[in-house]
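Colleague: I have a new model open and want to learn how to read a helix and its surroundings. Can you take me through it?

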Amino acid sequence: MRYSITFLEEDYERLTNILFPTEIERASYLLCGLSVGPSETKLLVREVVAVRNTEVASASSAHISIPAATYVKWLKRANELKNCIVIVHTHPHGQNSFSVQDNSEEEHFFRTAHNRIHHTN
């Protein structure tokens, strides 16, 4: 099975304008429709949402921390629209793999998403 994300050109430009250039990690949410075929699953970008500086707990060239209260509203919106949500963020100095910080932040995000889906605390 192949997986892909498909953008309209203006959405891709918006995303790159949000994320680059900067010396600190920046982030954005993508709200996406889903298209599942026999050999490919596509996320179809419907909306690009910047994570504003005021919504970031801390950020540097090596990390970004986004509080759950910031992304819960986007989880809710994705659910209302029957969309998927993707978090995109930069590594300004070219790290091309997940960092320890990424894994920690994503654990909180996925726990929050799981709890919202299954209505648990």
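**Reading one helix and its cover**

Modeller: Start with helix α1, residues 9–19, where Asp11, Leu15, Ile18 and Leu19 are buried. These four span an arc of only 90° around the axis, so they sit on the same side of α1. Keep in mind that this is a predicted model.

Colleague: Why do residues three or four places apart point the same way in an α-helix?

Modeller: An α-helix has 3.6 residues a turn, so such residues point the same way.

Colleague: Which residues are exposed on the other side of α1?

Modeller: Glu9, Glu10 and Asn17 are exposed there.

Colleague: What covers the buried residues of α1?

Modeller: The cover includes three strands: β2 (27–36), β3 (40–50) and β6 (84–89).

Colleague: How do I read a buried charge such as Asp11?

Modeller: Look for a partner of opposite charge. A salt bridge needs the charged atoms within 4 Å. Asp11 has none, although it is buried. The nearest side chain of opposite charge is Arg14, 6.3 Å away. Further along the sequence, Asp11 touches Val45 and Val48.

Colleague: Now the strands. How does β2 pair with β3 and with β6?

Modeller: With β3, β2 pairs in the antiparallel sense over 9 bridges. Cys32 has Val45 in β3 as its bridge partner. A hairpin of 3 residues joins β2 to β3. With β6, β2 is again antiparallel, over 6 bridges. There, Tyr29 has Ile87 as its bridge partner.

Colleague: Why is β2 largely enclosed by the rest of the structure?

Modeller: Count its buried residues. They number 7 of the 10 in β2, so the strand is largely enclosed.

Key. Residues numbered from 1 in each chain as written. Predicted model: local features only at pLDDT ≥ 70, side-chain atom pairs only at ≥ 80, totals over all residues. Heavy atoms only, no water. Buried < 20%, exposed > 50% of the residue type's maximum accessible area, 1.4 Å probe, protein only. Helix = DSSP H or I, 4+ residues; strand = E, 2+ residues; numbered from the N terminus. Arc of directions from axis to C-beta. Contact = heavy atoms within 4.5 Å. Lys, Arg positive; Asp, Glu negative; His and termini not counted. Pairing = 2+ DSSP bridges.
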